[in-house]
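Dear colleague,

Please find below the structure I agreed to pass on to you, with its sequence. My notes on what was found follow directly after it.

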Amino acid sequence: MKNVKLIATSFAALCGAALIFASCCGSCSAPAGGAAEQNNATAMNKAPYQKKYTNADFYDAQGNFKQEVAKEAFLDMFAHYDVPFTPLMEKDIWFTDFGLGDFENCGMGGIFWINDSTEGYFAHSIYLLPGQMIPEHKHVKTAFPAKKESWLVDKGWVYNFSEVGEATEGAEDLVPASQKATTVSKNYVIQNLGEVLTLKAPETWHFMMAGPEGAIVWEFANYHDNAGLRFTQPTAAL
C-alpha cells in the first residue's frame with residue numbers, strides 16, 4: 001500500500017513538472033503566426049521614413065550635381081523599405097536633377113527594367129525622395145505612339161498631378177518654388193500604397209511628387225521614346 005501511494009505521489013510530481021516546463025516553453029516560443037507575421041508586424045510599426053538630405057548635400061560649391069550623394073540618399077531609403085540593391089540595379093540605376101539644380105525638390109532616381117521598341121512595352125521603377133517632384137512633362141507621338149502610362153505605388157505614397165480635371169484646392173501650394181512659374185497641372189489626387197492610376201489622356205501634362213516618406217512607384221507603359229518627352233520647364237532635360 002505504501003508503494004502504491006509513493007508511485008501516485010511521484011506521478012503527480014512528474015505531471016506538475018511537465019506542466020511547468022510546457023508553460024515555460026510556451027512563453028518562450030515564437031508568436032502565433034510564425035516569424036513572417038512577426039516581421040510584418042515589426043515593419044508596420046516602423047517609424048515613417050524621413051527627409052535626411054538637402055541641396056547643400058547634393059551640390060558642390062560650383063553647383064555641380066553630386067551623383068554619389070544622390071545614390072547614397074536613395075540607398076538609405078531602400079534600406080528603410082527593405083528593398084535589396086541588386087547587381088542589376090547597381091549597373092542600370094540612374095539619378096537626375098533634370099539640369100534644374102534643385103534635386104532636393106525636383107528630381108528622381110529610376111531604372112528601366114525593359115524598354116522594348118519592337119514589342120512596344122516598358123517597365124520602370126520610379127524612386128522619389130521625400131517631397132521630391134518629377135518635373136511636369138508629357139509624351140507626344142513620334143515614330144511611335146504617344147506613351148500611355150499606369151502607375152502602382154509600391155512604397156510610401158505620392159501626389160499624382162494632371163492638367164485634366166478641375167483644379168484641386170491647395171494644389172499650387174504643394175508645387176516646389178522652383179517649378180511654380182511653369183507648372184500647369186492643377187488637379188491632383190493622393191495615390192496611396194498599392195493603388196493603381198493611369199494617365200488620364202495621351203499627350204497631357206502630368207507629374208507626381210512624393211509625400212514626406214518618399215516613394216517607390218512601378219510604371220507600366222508602351223515604348224518610351226525619349227524624343228517624345230516634353231517639359232513645361234524649358235531648361236529641363238532628362
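**Nonpolar cores**

The largest nonpolar core comprises 21 residues, and those with the most contacts inside it are Phe-58, Phe-74, Met-77, Phe-78, Phe-103, Tyr-127 and Leu-129. Helix 4 (residues 67-80) supplies the largest share of this core, six residues. Apart from it lies another core, of 18 residues, which includes Leu-100, Met-108, Ile-126 and Met-208. Please bear in mind throughout that this is a predicted model.

As general background, nonpolar side chains in soluble globular proteins tend to be buried together.

Phe-58 may serve as an entry point to the largest core, being among the residues with the most contacts inside it. Leaving aside residues up to four places away in sequence, Phe-58 touches Tyr-53, Asn-64, Phe-65, Lys-66, Val-69, Ala-70, Ala-73, Phe-103, Glu-104 and Leu-129.

**Aromatic pairs**

The count of aromatic pairs comes to 19. In one of them, the ring centres of Phe-65 and Phe-103 are 4.7 Å apart and the planes meet at 45°, so the pair is classed as tilted. This pair links distant parts of the chain: Phe-65 sits in the loop between helix 3 (55-58) and helix 4, while Phe-103 sits in the loop between strand 1 (94-96) and strand 2 (108-116), 38 residues apart. Both Phe-65 and Phe-103 are buried.

Phe-74 and Phe-78 form an aromatic pair that is also tilted, with 6.4 Å from centre to centre and 40° between the planes. Both residues belong to helix 4, where they are four residues apart, or about one turn of the helix. Phe-74 has a relative accessibility of 0% and therefore counts as buried; Phe-78, with a relative accessible area of 1%, is buried as well.

Ring pairs also link Tyr-53, Phe-58, Tyr-59, Phe-65, Phe-74, Phe-78, Phe-85, Phe-95, Phe-103 and Tyr-127 into a cluster. Within this cluster are Phe-58, Phe-74, Phe-78, Phe-103 and Tyr-127, which are also listed among the residues with the most contacts inside the largest core.

**Salt bridges**

A search of the whole structure finds eight salt bridges. One of them is formed by Glu-90 and Lys-71, whose closest N and O atoms are 2.7 Å apart. Because Glu-90 lies in helix 5 (residues 87-92) and Lys-71 in helix 4, the pair ties together parts that are 19 residues apart in sequence. Glu-90 is partly exposed, at a relative accessible area of 43%, and Lys-71 likewise counts as partly exposed, at 24%.

Which residues does Lys-147 join through salt bridges that share partners? Lys-147 forms a salt bridge with Glu-219, the closest N and O atoms being 2.7 Å apart. Lys-147 is in the loop between strand 4 (137-139) and strand 5 (149-162) and Glu-219 is in strand 8 (residues 206-221), so this pair ties together parts that are 72 residues apart in sequence. Lys-147 also forms a salt bridge with Glu-149, with the closest N and O atoms 3.3 Å apart. Through the shared partner, Lys-147, Glu-149 and Glu-219 are joined into one network.

Are the members of this network buried or exposed? The cut-off for burial is under 20% relative accessible area. Lys-147, at 5%, therefore counts as buried. Glu-149, at 2%, is buried too, as is Glu-219, at 4%.

With kind regards

Technical notes. Residues are numbered from 1 along each chain as its sequence is written. This is a predicted model: local features need pLDDT of at least 70, side-chain atom pairs count only at pLDDT 80 or more; totals for chains, interfaces and linings use all residues. Side-chain values use heavy atoms; hydrogens and water are left out. A nonpolar core is a set of buried Ala, Val, Leu, Ile, Met, Phe, Trp, Tyr and Cys residues joined through side-chain atoms within 4.5 Å. Buried means under 20% relative accessible area, exposed over 50%, partly exposed in between (1.4 Å probe, protein chains only). Helices (H or I, at least four residues) and strands (E, at least two) are DSSP runs, numbered from the N terminus. Contact means heavy atoms within 4.5 Å. Rings of Phe, Tyr and Trp (its six-membered ring) pair if their centres lie within 6.5 Å; planes under 30 degrees apart count as stacked, over 60 as edge-to-face and the rest as tilted. A salt bridge is a side-chain nitrogen of Lys or Arg within 4 Å of a carboxyl oxygen of Asp or Glu.
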